[in-house]
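Trainee: Got a minute? I'd like to go through this model with you.

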Amino acid sequence: MVSACGDKDKTASDREAGDNTAEPKTTAPEKEERQEMSVQELTAEDVIAAFKEEGLEVGDVTDLEKKEFGDTREEGKRILVPSLGEDAGGRLFRFKDKDGLDKAKEYYVTLGESGPMFYSHTYEKGLFLLQMNGDMEDAEFERYEKVMDSVSE
């Protein structure tokens, strides 16, 4: 089942207005260790571990079947977010190159434009693409973005 898709249209100030998030839970040594890792060495598992370290909701994580963007990606993980409902959450991909990432993101954006029930949040950083169910609040999705930024600086 494909979750609702699209690209977010909110500005940073729109998202910040509703941002009541808790402080990060990661210790300084954990962050330093992650930051020493180069972007090329990062795996989807590393990004997901960072989500968890920062206190973000991450339920069951499973490998995606190859049919979801096939040979254009190196990794694909399905991330369940229980507060969004049963079998709801998103996906985290690591692509082989920017062209593959761009095509996948365009797929989600185009799908989201076909109607509000197909809207989802998308965010890219390096060769990673995060896609989350559109029912997630903008402020919550922004927290996932910030973690991706911090692990791939």
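Mentor: Sure. Let's fix one term before we start. Two rings of Phe, Tyr or Trp count as a pair if their centres lie within 6.5 Å; planes over 60 degrees apart make the pair edge-to-face. Also, this is a predicted model.

Trainee: Okay. How many aromatic pairs does the structure hold?

Mentor: Seven. One of them joins phenylalanine 51 and tyrosine 144. The centres are 5.0 Å apart and the planes meet at 75°, an edge-to-face pair.

Trainee: Where do phenylalanine 51 and tyrosine 144 lie?

Mentor: Phenylalanine 51 is in helix α3 and tyrosine 144 is in helix α5, so their pair ties together parts 93 residues apart in sequence.

Trainee: Is phenylalanine 51 buried or exposed? And tyrosine 144, buried or exposed?

Mentor: Phenylalanine 51 is buried, at 0% relative accessible area. Tyrosine 144 is buried too, also at 0%.

Trainee: Show me another pair.

Mentor: Take phenylalanine 69 and phenylalanine 93. Their ring centres are 5.2 Å apart with the planes at 85°, so this pair is edge-to-face. It links distant parts of the chain, 24 residues apart. Phenylalanine 69 sits in the loop between β1 and β2, phenylalanine 93 in strand β3.

Trainee: How covered are those two?

Mentor: Phenylalanine 69 is partly exposed, with a relative accessible area of 21%. The cut-off for buried is under 20%. Phenylalanine 93 is buried, at 0%.

Trainee: Which residues do ring pairs link into a cluster?

Mentor: Phe69, Phe93, Phe95, Tyr107 and Tyr108.

Trainee: Switching to the core. How many residues has the largest nonpolar one?

Mentor: It has 23 residues. Phe51, Leu92, Leu130, Tyr144 and Met148 have the most contacts inside it. At least two residues each come from α3, β5 and α5. Another core, of seven residues, lies apart from it; Leu64, Phe95, Leu101 and Ala104 are among them.

Trainee: Any general reason for cores like that?

Mentor: In soluble globular proteins, nonpolar side chains tend to be buried together.

Trainee: Back to Met148. What is methionine 148 in contact with, leaving aside its neighbours within four places in sequence?

Mentor: Val47, Phe51, Leu92, Tyr123, Lys125, Phe128 and Leu130.

Trainee: α5 keeps coming up. What does it look like?

Mentor: α5 has 14 residues. From first C-alpha to last it reaches 20 Å, close to the 20 Å expected at 1.5 Å a residue. The helix is mostly covered, with 11 of its 14 residues buried. Those include Phe141, Glu142, Tyr144 and Met148.

Trainee: Hang on, Glu142? What does glutamate 142 form a salt bridge with?

Mentor: Lysine 146, with the closest N and O atoms 3.4 Å apart. Both lie in α5, four residues apart, about one turn of the helix. An α-helix has 3.6 residues a turn, so residues three or four places apart point the same way. Glutamate 142 counts as buried at 7% relative accessibility. Lysine 146 is partly exposed, at 47%.

Trainee: How many salt bridges does the structure hold?

Mentor: There are 12. Glutamate 124 and lysine 105 make one, at 3.5 Å N to O. Glutamate 124 is in strand β4 and lysine 105 in helix α4, so the pair ties together parts 19 residues apart in sequence. Glutamate 124 is partly exposed at 23%, while lysine 105 is buried at 17%.

Trainee: Which residues are linked with them in a network of salt bridges?

Mentor: The network is made of Lys98, Asp102, Lys105 and Glu124.

Trainee: One more bridge?

Mentor: Aspartate 87 and arginine 78 meet through their side chains, at 3.6 Å N to O. Aspartate 87 is partly exposed at 43%. Arginine 78 counts as buried, at 10%.

Trainee: Last topic, the whole fold. How many helices and strands are there in the protein?

Mentor: Five helices and five strands. Along the sequence the pattern reads α-α-α-β-β-β-α-β-β-α.

Trainee: And how much of it is buried, how much surface?

Mentor: Buried residues make up 44% of the 153. The protein exposes about 8300 Å², and carbon and sulfur atoms supply 48% of that.

Trainee: What about long-range contacts?

Mentor: Take the contacts between residues at least 6 apart in sequence. Of those, 60% join residues at least 24 apart.

Conventions. Residues are numbered from 1 along each chain as its sequence is written. This is a predicted model: local features need pLDDT of at least 70, side-chain atom pairs count only at pLDDT 80 or more; totals for chains, interfaces and linings use all residues. Side-chain values use heavy atoms; hydrogens and water are left out. A nonpolar core is a set of buried Ala, Val, Leu, Ile, Met, Phe, Trp, Tyr and Cys residues joined through side-chain atoms within 4.5 Å. Buried means under 20% relative accessible area, exposed over 50%, partly exposed in between (1.4 Å probe, protein chains only). Contact means heavy atoms within 4.5 Å. Rings of Phe, Tyr and Trp (its six-membered ring) pair if their centres lie within 6.5 Å; planes under 30 degrees apart count as stacked, over 60 as edge-to-face and the rest as tilted. The expected span of a helix is 1.5 Å times one less than its number of residues. Accessible areas come from the Shrake-Rupley method with a 1.4 Å probe; for residues, only the protein chains shown count as cover. A salt bridge is a side-chain nitrogen of Lys or Arg within 4 Å of a carboxyl oxygen of Asp or Glu.
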